[in-house]
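Let's take a walk through this one, going from how some of its helices pack to the spaces left between them. Have the model open and follow along.

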Amino acid sequence: LGHRLLQPQLLRARASGRGRRKPGRLRVSKTSSIASLSGPILPYVLGSAVPIWLSVSGDIMLSIVVLGQFALLDPSFLPALGYVGPFIGLAHAFAVASADATATLTARWYGRQNPRQASRLLLVAVVVSGALATLISAPLLILQEPLARQLAVSADLQIVFAIFLAFTVADAILRTLLGSLLGALRGLSRFQLVSVVNVAVPALQIVVLQVVLMMQADLDWSLTVKALFAMAAGTAPVCLAILAAIVLWWQAHARAEAAEDEPGHDLLTSLREALRTILSYLVVSIMTPLVMFTLGFIIVSQGESAAAAFGVISRIQPLFFAFGIGVSSVATTFFSANVGVGNLDRAKEGYFRLCIVLIGTHAGLAILGNALWPVLGPVFQLDPEASRLIFVYLLLVPASFGFLSITTLSVRLFNAFDHGFQSVKASALRVGATVLFILAGEFLWRFHGAMVGFSLANFAAGASFFLISRRALADWATVPNAR
(Lines give C-alpha, C1' and ligand atoms only; values in the text may rest on other atoms or scores of the structure.)
Protein backbone atom coordinates (compact mmCIF):
# COMPACT_ATOMS: atom_id res chain seq x y z
CA LEU A 1 0.00 0.00 0.00
CA GLY A 2 2.82 2.39 0.88
CA HIS A 3 4.54 1.67 -2.44
CA ARG A 4 1.33 2.44 -4.32
CA LEU A 5 0.92 5.69 -2.40
CA LEU A 6 4.46 6.83 -3.16
CA GLN A 7 4.84 5.57 -6.73
CA PRO A 8 2.89 8.37 -8.53
CA GLN A 9 5.10 11.06 -6.99
CA LEU A 10 8.23 9.13 -7.92
CA LEU A 11 7.13 8.73 -11.53
CA ARG A 12 6.39 12.44 -11.82
CA ALA A 13 9.84 13.21 -10.41
CA ARG A 14 11.46 10.94 -13.00
CA ALA A 15 9.52 12.58 -15.83
CA SER A 16 10.01 16.20 -14.84
CA GLY A 17 13.34 16.16 -13.05
CA ARG A 18 11.82 18.69 -10.66
CA GLY A 19 14.20 19.92 -8.03
CA ARG A 20 17.41 18.67 -9.66
CA ARG A 21 20.47 20.45 -8.42
CA LYS A 22 23.42 21.43 -10.57
CA PRO A 23 26.68 19.55 -9.82
CA GLY A 24 28.41 22.71 -8.66
CA ARG A 25 25.75 23.38 -6.07
CA LEU A 26 26.18 20.17 -4.08
CA ARG A 27 28.80 21.21 -1.61
CA VAL A 28 28.95 21.37 2.15
CA SER A 29 29.18 24.82 3.68
CA LYS A 30 29.31 26.15 7.19
CA THR A 31 25.58 26.75 7.00
CA SER A 32 24.88 23.17 5.96
CA SER A 33 27.01 21.79 8.78
CA ILE A 34 24.31 22.75 11.27
CA ALA A 35 22.83 19.29 10.71
CA SER A 36 26.13 17.40 11.09
CA LEU A 37 26.66 16.22 7.53
CA SER A 38 29.68 14.14 8.52
CA GLY A 39 30.87 12.05 11.42
CA PRO A 40 29.11 9.40 13.53
CA ILE A 41 25.33 9.55 13.20
CA LEU A 42 24.04 8.22 16.52
CA PRO A 43 26.34 10.32 18.74
CA TYR A 44 25.18 13.46 16.92
CA VAL A 45 21.45 12.66 16.87
CA LEU A 46 21.26 11.19 20.37
CA GLY A 47 23.57 13.83 21.81
CA SER A 48 21.41 16.57 20.36
CA ALA A 49 18.22 14.76 21.38
CA VAL A 50 19.16 14.40 25.06
CA PRO A 51 18.67 18.12 25.88
CA ILE A 52 15.30 18.04 24.12
CA TRP A 53 14.36 14.80 25.88
CA LEU A 54 15.30 16.24 29.26
CA SER A 55 13.49 19.50 28.56
CA VAL A 56 10.36 17.69 27.38
CA SER A 57 10.49 15.36 30.38
CA GLY A 58 11.05 18.33 32.66
CA ASP A 59 8.15 20.11 31.01
CA ILE A 60 5.94 17.06 31.65
CA MET A 61 7.07 16.72 35.26
CA LEU A 62 6.40 20.39 35.86
CA SER A 63 2.96 20.01 34.29
CA ILE A 64 2.26 17.26 36.80
CA VAL A 65 3.20 19.71 39.54
CA VAL A 66 0.78 22.20 37.97
CA LEU A 67 -1.87 19.47 38.13
CA GLY A 68 -1.26 19.19 41.86
CA GLN A 69 -1.56 22.95 42.26
CA PHE A 70 -4.93 22.87 40.51
CA ALA A 71 -6.08 20.21 42.96
CA LEU A 72 -4.94 22.37 45.88
CA LEU A 73 -6.74 25.38 44.46
CA ASP A 74 -9.98 23.36 44.39
CA PRO A 75 -10.42 19.56 44.47
CA SER A 76 -13.15 19.74 41.81
CA PHE A 77 -10.62 21.04 39.27
CA LEU A 78 -9.03 17.60 38.86
CA PRO A 79 -12.09 15.89 37.31
CA ALA A 80 -12.77 19.10 35.34
CA LEU A 81 -9.29 18.85 33.83
CA GLY A 82 -10.02 15.22 33.08
CA TYR A 83 -13.10 16.24 31.09
CA VAL A 84 -11.12 18.68 28.93
CA GLY A 85 -8.13 16.33 28.78
CA PRO A 86 -9.05 14.96 25.32
CA PHE A 87 -9.12 18.51 23.94
CA ILE A 88 -5.88 19.66 25.58
CA GLY A 89 -4.11 17.34 23.17
CA LEU A 90 -5.22 19.62 20.33
CA ALA A 91 -2.94 22.37 21.61
CA HIS A 92 0.05 20.07 21.70
CA ALA A 93 -0.78 18.55 18.30
CA PHE A 94 -0.80 21.91 16.54
CA ALA A 95 2.33 23.03 18.42
CA VAL A 96 4.26 19.89 17.47
CA ALA A 97 3.12 20.02 13.83
CA SER A 98 4.00 23.69 13.39
CA ALA A 99 7.37 23.20 15.12
CA ASP A 100 8.32 20.21 12.97
CA ALA A 101 7.19 21.98 9.80
CA THR A 102 9.22 25.13 10.42
CA ALA A 103 12.21 23.03 11.52
CA THR A 104 12.03 21.10 8.25
CA LEU A 105 11.61 24.21 6.10
CA THR A 106 14.37 26.14 7.89
CA ALA A 107 16.89 23.28 7.77
CA ARG A 108 16.01 22.51 4.15
CA TRP A 109 16.61 26.04 2.88
CA TYR A 110 19.62 26.72 5.06
CA GLY A 111 21.00 23.44 3.72
CA ARG A 112 20.44 24.89 0.25
CA GLN A 113 22.21 28.08 1.39
CA ASN A 114 19.17 30.34 1.10
CA PRO A 115 18.27 31.82 4.51
CA ARG A 116 16.14 34.50 2.87
CA GLN A 117 13.68 31.86 1.65
CA ALA A 118 13.83 30.18 5.08
CA SER A 119 12.70 33.37 6.83
CA ARG A 120 9.98 33.93 4.23
CA LEU A 121 8.65 30.42 4.77
CA LEU A 122 8.71 30.90 8.54
CA LEU A 123 6.41 33.91 8.25
CA VAL A 124 4.08 32.01 5.93
CA ALA A 125 4.10 28.98 8.23
CA VAL A 126 3.23 31.08 11.29
CA VAL A 127 0.20 32.56 9.53
CA VAL A 128 -0.97 29.25 8.07
CA SER A 129 -0.54 27.21 11.25
CA GLY A 130 -2.23 29.87 13.37
CA ALA A 131 -5.18 30.02 10.98
CA LEU A 132 -5.53 26.23 10.96
CA ALA A 133 -5.41 26.08 14.76
CA THR A 134 -8.13 28.71 15.01
CA LEU A 135 -10.30 27.10 12.35
CA ILE A 136 -10.21 23.64 13.92
CA SER A 137 -10.26 24.42 17.64
CA ALA A 138 -12.68 27.39 17.76
CA PRO A 139 -15.80 25.25 17.04
CA LEU A 140 -15.29 23.64 20.45
CA LEU A 141 -16.70 26.81 21.98
CA ILE A 142 -19.93 26.39 20.03
CA LEU A 143 -20.15 22.70 20.95
CA GLN A 144 -19.54 23.26 24.66
CA GLU A 145 -23.07 22.40 25.85
CA PRO A 146 -23.46 19.23 23.72
CA LEU A 147 -20.03 18.08 24.85
CA ALA A 148 -20.93 18.63 28.50
CA ARG A 149 -24.05 16.51 28.07
CA GLN A 150 -22.17 13.79 26.20
CA LEU A 151 -19.48 13.64 28.90
CA ALA A 152 -22.10 13.72 31.67
CA VAL A 153 -20.47 16.71 33.37
CA SER A 154 -22.17 17.35 36.70
CA ALA A 155 -24.11 20.58 37.25
CA ASP A 156 -21.53 21.84 39.76
CA LEU A 157 -18.77 21.65 37.14
CA GLN A 158 -20.64 23.08 34.14
CA ILE A 159 -19.22 26.61 34.47
CA VAL A 160 -15.72 25.34 35.29
CA PHE A 161 -15.84 23.03 32.27
CA ALA A 162 -16.83 25.95 30.00
CA ILE A 163 -13.98 28.13 31.33
CA PHE A 164 -11.41 25.36 30.99
CA LEU A 165 -12.58 24.58 27.43
CA ALA A 166 -12.34 28.25 26.37
CA PHE A 167 -8.79 28.56 27.66
CA THR A 168 -7.92 25.26 25.99
CA VAL A 169 -8.87 26.77 22.62
CA ALA A 170 -6.78 29.88 23.33
CA ASP A 171 -3.87 27.70 24.44
CA ALA A 172 -4.04 25.73 21.18
CA ILE A 173 -3.62 28.90 19.13
CA LEU A 174 -0.88 30.39 21.30
CA ARG A 175 1.14 27.18 21.49
CA THR A 176 0.90 26.80 17.73
CA LEU A 177 2.51 30.20 17.24
CA LEU A 178 5.16 29.39 19.84
CA GLY A 179 5.83 26.01 18.23
CA SER A 180 6.43 27.63 14.83
CA LEU A 181 9.07 29.95 16.27
CA LEU A 182 10.79 27.24 18.31
CA GLY A 183 10.80 24.94 15.29
CA ALA A 184 12.72 27.55 13.31
CA LEU A 185 15.31 27.67 16.09
CA ARG A 186 15.53 23.88 15.91
CA GLY A 187 16.12 24.15 12.18
CA LEU A 188 19.19 26.25 13.02
CA SER A 189 20.27 23.61 15.59
CA ARG A 190 19.63 25.99 18.50
CA PHE A 191 18.42 23.08 20.59
CA GLN A 192 19.55 24.49 23.92
CA LEU A 193 17.54 27.67 23.41
CA VAL A 194 14.48 25.58 22.57
CA SER A 195 15.00 23.51 25.71
CA VAL A 196 15.26 26.61 27.89
CA VAL A 197 12.01 28.06 26.54
CA ASN A 198 10.19 24.73 26.85
CA VAL A 199 11.12 24.38 30.50
CA ALA A 200 10.57 28.06 31.30
CA VAL A 201 6.86 27.94 30.38
CA PRO A 202 5.71 25.37 33.00
CA ALA A 203 8.19 26.79 35.52
CA LEU A 204 6.56 30.21 35.19
CA GLN A 205 3.15 28.57 35.40
CA ILE A 206 4.09 27.03 38.74
CA VAL A 207 5.28 30.40 40.06
CA VAL A 208 2.15 32.24 38.93
CA LEU A 209 -0.15 29.51 40.25
CA GLN A 210 1.65 29.63 43.58
CA VAL A 211 0.91 33.35 43.75
CA VAL A 212 -2.75 32.60 42.96
CA LEU A 213 -2.81 30.00 45.74
CA MET A 214 -1.44 32.53 48.21
CA MET A 215 -3.96 35.15 47.13
CA GLN A 216 -7.00 32.89 47.33
CA ALA A 217 -6.00 31.78 50.82
CA ASP A 218 -6.73 35.32 52.03
CA LEU A 219 -9.74 35.98 49.80
CA ASP A 220 -13.09 34.23 49.60
CA TRP A 221 -13.17 33.50 45.87
CA SER A 222 -16.02 31.73 44.16
CA LEU A 223 -15.39 28.62 42.07
CA THR A 224 -15.74 30.63 38.86
CA VAL A 225 -13.16 33.22 39.92
CA LYS A 226 -10.75 30.48 40.94
CA ALA A 227 -11.13 28.81 37.55
CA LEU A 228 -10.51 32.09 35.69
CA PHE A 229 -7.36 32.90 37.68
CA ALA A 230 -6.06 29.34 37.35
CA MET A 231 -6.40 29.23 33.58
CA ALA A 232 -5.07 32.78 33.14
CA ALA A 233 -2.02 31.76 35.17
CA GLY A 234 -1.45 28.94 32.72
CA THR A 235 -1.83 31.10 29.61
CA ALA A 236 0.22 34.20 30.50
CA PRO A 237 3.62 32.40 30.49
CA VAL A 238 2.92 31.11 26.97
CA CYS A 239 2.45 34.70 25.75
CA LEU A 240 5.77 35.69 27.33
CA ALA A 241 7.47 32.70 25.71
CA ILE A 242 6.22 33.80 22.27
CA LEU A 243 7.84 37.22 22.70
CA ALA A 244 11.09 35.61 23.87
CA ALA A 245 11.09 33.18 20.90
CA ILE A 246 10.68 36.08 18.45
CA VAL A 247 13.72 37.82 19.90
CA LEU A 248 15.80 34.61 19.91
CA TRP A 249 14.92 33.80 16.30
CA TRP A 250 15.79 37.31 15.15
CA GLN A 251 19.18 37.16 16.82
CA ALA A 252 19.96 33.64 15.52
CA HIS A 253 18.88 34.52 11.99
CA ALA A 254 20.89 37.76 11.98
CA ARG A 255 24.07 35.91 12.98
CA ALA A 256 23.62 33.05 10.49
CA GLU A 257 26.09 32.98 7.60
CA ALA A 258 25.46 31.52 4.16
CA ALA A 259 27.75 30.97 1.23
CA GLU A 260 24.98 32.00 -1.15
CA ASP A 261 21.71 33.87 -0.75
CA GLU A 262 19.67 33.42 -3.92
CA PRO A 263 16.15 34.71 -4.57
CA GLY A 264 13.55 32.34 -3.17
CA HIS A 265 10.19 31.19 -4.45
CA ASP A 266 7.26 33.51 -4.99
CA LEU A 267 4.56 33.88 -2.34
CA LEU A 268 2.18 31.31 -3.85
CA THR A 269 4.89 28.67 -4.18
CA SER A 270 6.06 29.35 -0.62
CA LEU A 271 2.47 29.08 0.61
CA ARG A 272 2.05 25.71 -1.08
CA GLU A 273 5.31 24.39 0.32
CA ALA A 274 4.48 25.55 3.85
CA LEU A 275 0.90 24.27 3.72
CA ARG A 276 1.96 20.89 2.35
CA THR A 277 4.58 20.45 5.06
CA ILE A 278 2.34 21.64 7.91
CA LEU A 279 -0.57 19.41 6.91
CA SER A 280 1.63 16.34 6.62
CA TYR A 281 2.98 16.88 10.13
CA LEU A 282 -0.43 17.82 11.51
CA VAL A 283 -1.99 14.53 10.44
CA VAL A 284 0.73 12.68 12.31
CA SER A 285 0.77 14.97 15.33
CA ILE A 286 -2.99 14.85 15.75
CA MET A 287 -2.89 11.05 15.82
CA THR A 288 -2.34 10.78 19.57
CA PRO A 289 -4.90 13.49 20.44
CA LEU A 290 -7.52 11.71 18.31
CA VAL A 291 -6.74 8.42 20.00
CA MET A 292 -6.72 10.06 23.43
CA PHE A 293 -9.98 11.77 22.52
CA THR A 294 -11.52 8.35 21.87
CA LEU A 295 -10.00 6.87 25.00
CA GLY A 296 -11.10 9.91 26.97
CA PHE A 297 -14.74 9.45 26.05
CA ILE A 298 -14.51 5.77 27.01
CA ILE A 299 -12.96 6.54 30.38
CA VAL A 300 -14.79 9.68 31.52
CA SER A 301 -18.16 8.15 30.66
CA GLN A 302 -17.66 5.97 33.74
CA GLY A 303 -17.96 8.92 36.15
CA GLU A 304 -15.91 11.59 37.93
CA SER A 305 -13.55 9.03 39.43
CA ALA A 306 -12.66 7.79 35.95
CA ALA A 307 -12.35 11.40 34.73
CA ALA A 308 -9.80 12.06 37.46
CA ALA A 309 -7.90 8.95 36.37
CA PHE A 310 -7.84 10.17 32.79
CA GLY A 311 -6.55 13.54 33.98
CA VAL A 312 -3.52 11.70 35.37
CA ILE A 313 -3.13 9.36 32.37
CA SER A 314 -3.14 12.25 29.89
CA ARG A 315 -0.23 13.82 31.76
CA ILE A 316 1.95 10.81 32.49
CA GLN A 317 1.61 9.33 29.01
CA PRO A 318 3.98 11.87 27.37
CA LEU A 319 6.70 10.71 29.76
CA PHE A 320 6.81 7.40 27.90
CA PHE A 321 7.34 8.83 24.42
CA ALA A 322 9.31 11.94 25.36
CA PHE A 323 12.46 10.18 24.13
CA GLY A 324 10.86 9.62 20.75
CA ILE A 325 9.91 13.30 20.61
CA GLY A 326 13.51 14.31 21.22
CA VAL A 327 14.94 11.93 18.62
CA SER A 328 12.34 12.85 16.01
CA SER A 329 12.94 16.56 16.61
CA VAL A 330 16.64 16.23 15.83
CA ALA A 331 15.92 13.79 12.99
CA THR A 332 13.83 16.48 11.30
CA THR A 333 16.92 18.66 10.95
CA PHE A 334 19.23 15.71 10.26
CA PHE A 335 17.14 14.28 7.41
CA SER A 336 16.25 17.63 5.84
CA ALA A 337 19.79 19.04 5.79
CA ASN A 338 21.40 15.82 4.52
CA VAL A 339 18.82 15.38 1.78
CA GLY A 340 19.13 19.09 0.96
CA VAL A 341 22.81 18.64 0.03
CA GLY A 342 22.38 15.18 -1.50
CA ASN A 343 23.63 12.88 1.30
CA LEU A 344 20.94 10.24 0.69
CA ASP A 345 22.99 7.30 1.95
CA ARG A 346 23.66 9.03 5.26
CA ALA A 347 19.97 9.82 5.74
CA LYS A 348 19.10 6.17 5.01
CA GLU A 349 21.67 4.83 7.45
CA GLY A 350 20.49 7.20 10.16
CA TYR A 351 16.85 6.14 9.72
CA PHE A 352 17.53 2.42 10.22
CA ARG A 353 19.79 2.97 13.22
CA LEU A 354 17.33 5.29 14.92
CA CYS A 355 14.48 2.77 14.50
CA ILE A 356 16.44 0.21 16.53
CA VAL A 357 17.26 2.76 19.22
CA LEU A 358 13.61 3.85 19.53
CA ILE A 359 12.28 0.32 19.99
CA GLY A 360 14.87 -0.63 22.60
CA THR A 361 14.66 2.58 24.63
CA HIS A 362 10.87 2.69 24.79
CA ALA A 363 10.71 -0.94 25.88
CA GLY A 364 13.01 -0.10 28.78
CA LEU A 365 10.94 2.95 29.71
CA ALA A 366 7.76 0.87 29.76
CA ILE A 367 9.32 -1.63 32.15
CA LEU A 368 10.58 1.19 34.37
CA GLY A 369 7.16 2.85 34.45
CA ASN A 370 5.39 -0.33 35.54
CA ALA A 371 7.99 -0.89 38.26
CA LEU A 372 7.68 2.65 39.67
CA TRP A 373 3.90 3.04 39.61
CA PRO A 374 3.22 1.11 42.85
CA VAL A 375 5.63 3.50 44.58
CA LEU A 376 4.61 6.78 42.97
CA GLY A 377 0.90 6.09 42.45
CA PRO A 378 -0.23 6.91 46.00
CA VAL A 379 1.11 10.45 45.58
CA PHE A 380 -1.92 11.30 43.43
CA GLN A 381 -4.33 10.20 46.20
CA LEU A 382 -6.69 8.49 43.77
CA ASP A 383 -9.51 6.19 44.75
CA PRO A 384 -9.12 2.43 44.08
CA GLU A 385 -11.14 2.46 40.84
CA ALA A 386 -9.05 5.24 39.32
CA SER A 387 -5.83 3.51 40.36
CA ARG A 388 -7.01 0.26 38.79
CA LEU A 389 -7.70 1.94 35.44
CA ILE A 390 -4.27 3.58 35.42
CA PHE A 391 -2.58 0.25 36.24
CA VAL A 392 -4.31 -1.45 33.30
CA TYR A 393 -3.18 1.34 31.00
CA LEU A 394 0.45 1.10 32.17
CA LEU A 395 0.45 -2.65 31.73
CA LEU A 396 -0.85 -2.69 28.17
CA VAL A 397 0.03 0.53 26.33
CA PRO A 398 3.49 2.12 26.94
CA ALA A 399 5.48 -0.79 25.47
CA SER A 400 4.03 0.04 22.04
CA PHE A 401 5.28 3.63 21.94
CA GLY A 402 8.60 2.63 20.37
CA PHE A 403 6.73 1.54 17.25
CA LEU A 404 4.55 4.64 17.42
CA SER A 405 7.73 6.76 17.35
CA ILE A 406 8.84 4.96 14.18
CA THR A 407 5.78 6.32 12.40
CA THR A 408 6.68 9.91 13.30
CA LEU A 409 10.31 9.28 12.32
CA SER A 410 9.15 7.96 8.93
CA VAL A 411 7.03 11.04 8.29
CA ARG A 412 10.05 13.23 8.97
CA LEU A 413 11.95 11.20 6.39
CA PHE A 414 9.16 11.67 3.82
CA ASN A 415 9.05 15.41 4.41
CA ALA A 416 12.81 15.69 4.03
CA PHE A 417 12.29 14.45 0.46
CA ASP A 418 9.33 16.83 0.09
CA HIS A 419 6.89 13.90 -0.24
CA GLY A 420 4.61 15.19 2.48
CA PHE A 421 1.33 14.38 0.73
CA GLN A 422 2.17 10.67 0.60
CA SER A 423 2.81 10.65 4.34
CA VAL A 424 -0.51 12.45 4.87
CA LYS A 425 -2.42 9.67 3.09
CA ALA A 426 -0.59 6.90 4.93
CA SER A 427 -0.99 8.65 8.30
CA ALA A 428 -4.71 9.21 7.70
CA LEU A 429 -5.14 5.48 7.18
CA ARG A 430 -3.27 4.85 10.41
CA VAL A 431 -5.51 7.25 12.34
CA GLY A 432 -8.67 5.58 11.10
CA ALA A 433 -7.35 2.07 11.74
CA THR A 434 -6.26 2.92 15.29
CA VAL A 435 -9.63 4.40 16.21
CA LEU A 436 -11.35 1.32 14.79
CA PHE A 437 -9.03 -0.93 16.82
CA ILE A 438 -9.91 0.95 20.00
CA LEU A 439 -13.66 0.95 19.36
CA ALA A 440 -13.65 -2.74 18.46
CA GLY A 441 -11.65 -3.56 21.58
CA GLU A 442 -13.99 -1.50 23.76
CA PHE A 443 -16.99 -3.31 22.27
CA LEU A 444 -15.48 -6.73 22.95
CA TRP A 445 -13.86 -6.15 26.36
CA ARG A 446 -14.72 -2.65 27.56
CA PHE A 447 -11.76 -0.64 28.94
CA HIS A 448 -9.29 -3.55 28.79
CA GLY A 449 -10.15 -4.21 25.16
CA ALA A 450 -9.70 -0.56 24.24
CA MET A 451 -6.20 -0.59 25.73
CA VAL A 452 -5.33 -3.79 23.87
CA GLY A 453 -6.63 -2.30 20.62
CA PHE A 454 -4.58 0.86 21.12
CA SER A 455 -1.42 -1.13 21.75
CA LEU A 456 -1.89 -3.49 18.80
CA ALA A 457 -2.59 -0.56 16.48
CA ASN A 458 0.69 1.10 17.50
CA PHE A 459 2.67 -2.09 16.85
CA ALA A 460 1.02 -2.58 13.46
CA ALA A 461 1.48 1.08 12.42
CA GLY A 462 5.16 1.14 13.33
CA ALA A 463 5.90 -2.06 11.43
CA SER A 464 3.94 -0.85 8.39
CA PHE A 465 5.66 2.53 8.24
CA PHE A 466 9.05 0.87 8.54
CA LEU A 467 8.31 -1.33 5.54
CA ILE A 468 6.95 1.65 3.59
CA SER A 469 10.07 3.68 4.33
CA ARG A 470 12.42 0.86 3.42
CA ARG A 471 10.71 0.41 0.05
CA ALA A 472 10.57 4.18 -0.52
CA LEU A 473 14.28 4.60 0.22
CA ALA A 474 15.08 1.94 -2.37
CA ASP A 475 12.91 3.78 -4.92
CA TRP A 476 14.31 7.21 -4.12
CA ALA A 477 17.83 5.89 -4.67
CA THR A 478 16.96 5.37 -8.36
CA VAL A 479 15.45 8.86 -8.89
CA PRO A 480 17.93 11.63 -9.90
CA ASN A 481 15.73 14.22 -8.15
CA ALA A 482 16.22 12.47 -4.82
CA ARG A 483 19.96 13.11 -4.82
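**Helix packing and the gaps in between**

Helix 12 and helix 15 run roughly parallel to each other, because their axes cross at an angle under 35 degrees. Keep in mind that this is a predicted model. To put figures on that pair, the axes of helix 12 (residues 304-340) and helix 15 (residues 401-416) come within 9 Å and cross at roughly 20°. The crossing is right-handed. On the helix 12 side, the residues making the contact include Phe320, Phe321, Gly324, Ser328, Ala331, Thr332 and Phe335, while helix 15 brings in, among them, Phe401, Ser405, Thr408, Leu409, Arg412 and Leu413. Sort the residues of this contact by class and you get 9 nonpolar, 8 polar and 1 charged.

Stay on helix 12 and look at another partner, helix 14 (residues 384-396). Here the axes come within 9 Å and cross at roughly 30°. Helix 12 and helix 14 are therefore roughly parallel to each other, and helix 12 passes helix 14 in a right-handed crossing. From helix 12, the contact takes in Ser305, Ala306, Ala309, Val312, Ile313, Ile316, Gln317 and Phe320; from helix 14, it takes in Glu385, Ala386, Leu389, Ile390, Tyr393 and Leu394. The class split for helix 12 with helix 14 is 11 nonpolar, 2 polar and 1 charged. If Gln317 and Phe320 ring a bell, that's fair: both of these helix 12 residues are also part of the contact with helix 15.

Now swing over to helix 2 and helix 13. Their axes come within 10 Å and cross at roughly 50°. Helix 2 and helix 13 are therefore oblique to each other, and this crossing is right-handed. Helix 2 puts in Ile41, Leu42, Val45, Leu46 and Trp53, which meet Arg346, Glu349, Gly350, Arg353, Leu354, Val357 and Leu365 of helix 13. By class, that contact has 8 nonpolar, 1 polar and 3 charged residues. The charged ones are Arg346, Glu349 and Arg353, on the helix 13 side.

So where do helices 2, 12 and 13 turn up together? They are the elements that each give two or more residues to the lining of the second largest pocket. That pocket holds about 490 Å³ of space. It is lined by 16 residues, and the closest to its centre are Met61, Ile316, Leu319, Leu372 and Leu376. Helix 13 (344-376) gives the most to this lining, with 6 residues. What classes of residue line the pocket? There are 14 nonpolar and 2 polar residues, with no charged ones. Ile316 deserves a second glance, since that helix 12 residue also sits in the contact with helix 14.

Last stop: the enclosed spaces. A search of the whole structure finds 2 cavities of 30 Å³ or more. The second largest cavity holds about 30 Å³. Its lining is made up of Phe94, Ala97, Ser98, Ser129, Leu132, Thr176, Ile278 and Leu282. Helix 3 (77-111), helix 4 (115-137) and helix 10 (267-285) each supply at least two of these residues. Which helix gives the most to the lining of this cavity? That would be helix 3, with 3 residues. The lining of the second largest cavity divides into 5 nonpolar and 3 polar residues, and again no charged residue is found there.

Definitions and conventions:
Residues numbered from 1 in each chain as written. Predicted model: local features only at pLDDT ≥ 70, side-chain atom pairs only at ≥ 80, totals over all residues. Heavy atoms only, no water. Axes fitted to C-alpha atoms, helices over the stretch in contact; angles between N-to-C directions. Helix = DSSP H or I, 4+ residues; strand = E, 2+ residues; numbered from the N terminus. Parallel < 35°, antiparallel > 145°, perpendicular 65-115°, else oblique. Left-handed = near helix turned anticlockwise from the far one by under 90°. Contact = heavy atoms within 4.5 Å. 1 Å grid on protein atoms, 1.4 Å probe; cavity = no way out; pocket = protein on both sides within 12 Å on 5 of 7 lines; lining within 4 Å. Points joined across faces, edges and corners; volume = space filled by probe spheres on them.
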